[in-house]
Amino acid sequence: NLIFWGSYSMCGLTVAVTVMFEFPLFHYAPVILRRLKSPVWMFQAACVAYVIRVLVYSIIPQDHPYWTLLVEPLHGVTIGFVLTASIAFAAEWVPKSYEASGQGFLSMVRGLGQFVGLCIGGVIEGRILYRVLAVVVGVGSIMLAISHCLSVQEQKRETQRRDDHIDRKAATIID
């Protein structure tokens, strides 16, 4: 969250604003997740919030760092939705009684992402880095949406094939 020209007070304020938005999001996360019907769409909402936030960061004038506070609530949305969707996603894809392994895998992936981000952040200047990350997350989000839609379509086709097979079997039994 640190905008490179910010003070310690500014860093503290950004954390306070973020947390003020994270708490209610975590509280209402199960309701939001049910309405979205899939953790994938919660990931998508988090990605949109992230892309908007980092693009705005990249255009905030250096002499007005407090403008960051206007978009900082989107950081709360990003964290609240990503963490909630990650847990829900793992719960869907990991076999029963392996939930802890799924959470461990998620932690590993998140740690790897942080490591790569820090390495890249050490090389690329802040404003450019924000724009690069916005593109990376935007492309990843599009890929996730496409793969999810294709997966849902395939599941529908598989269900239809299974239903057709059951109907044919039932018809031969009746005949």
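1. Start with the overall size. This is a predicted model, and its chain has a radius of gyration of 21 Å, where a compact globule of 175 residues would come out near 16 Å. The extent of the C-alpha trace goes with that: along the principal axes, the chain spans about 80 × 30 × 30 Å. If you turn the model on screen, those are the dimensions to look for.

2. What is the chain built from? Six helices and zero strands. Going along the sequence, the pattern reads α-α-α-α-α-α. Two of these helices come up again below: α1, which covers residues 8-36, and α6, which covers residues 126-174.

3. Now for the inside and the outside. Of the 175 residues in the chain, 29% are buried. The accessible surface adds up to about 11,500 Å², and carbon and sulfur atoms account for 71% of that surface.

4. How do the contacts spread along the sequence? Take the contacts between residues at least 6 apart in sequence: 77% of them join residues at least 24 apart. One pair of residues is handy for looking at sequence and space together. V15 and H75 are 60 residues apart in sequence, yet their C-alpha atoms are 9.3 Å apart in space. V15 sits in helix α1 and counts as partly exposed, with 46% relative accessibility.

5. On charge, the chain carries 14 positive and 12 negative charges, and the mean positions of the two sets lie 1 Å apart. Side chains of opposite charge can pair when their charged atoms come close. How many salt bridges does the chain have? The count comes to three.

6. Which residues take part in the network of salt bridges? They are E154, R157, E158 and R161, linked to one another. Here is how the links run. E154 pairs with R157, the closest N and O atoms being 3.0 Å apart. E154 also meets R161, again with 3.0 Å from N to O. R161 in turn forms a salt bridge with E158, where the closest N and O atoms are 3.0 Å apart. To trace it on screen, go from R157 to E154, on to R161 and then to E158.

7. Why can these partners reach each other? For the first pair, R157 and E154 are three residues apart in helix α6, so about one helical turn separates them. The pair E158 and R161 has a similar explanation: these two residues are also three apart in helix α6, which means about one helical turn lies between them.

8. Are the residues of this network buried or exposed? They fall in between. E154 is partly exposed, with a relative accessible area of 35%, and its partner R157 is partly exposed at 42%. On the other side of the network, E158 counts as partly exposed at 38% relative accessibility, while R161 is partly exposed at 43%. For the category itself, partly exposed covers what lies between buried, under 20%, and exposed, over 50%.

Notes
Residues are numbered from 1 along each chain as its sequence is written. This is a predicted model: local features need pLDDT of at least 70, side-chain atom pairs count only at pLDDT 80 or more; totals for chains, interfaces and linings use all residues. Side-chain values use heavy atoms; hydrogens and water are left out. Helices (H or I, at least four residues) and strands (E, at least two) are DSSP runs, numbered from the N terminus. The radius of gyration is taken over C-alpha atoms; the globule rule is 2.2 Å times the number of residues to the power 0.38. Buried means under 20% relative accessible area, exposed over 50%, partly exposed in between (1.4 Å probe, protein chains only). Contact means heavy atoms within 4.5 Å. Accessible areas come from the Shrake-Rupley method with a 1.4 Å probe; for residues, only the protein chains shown count as cover. Lys and Arg count as positive and Asp and Glu as negative; His and the chain ends are not counted. The place of a charge is taken as NZ of Lys, CZ of Arg, CG of Asp or CD of Glu. A salt bridge is a side-chain nitrogen of Lys or Arg within 4 Å of a carboxyl oxygen of Asp or Glu.
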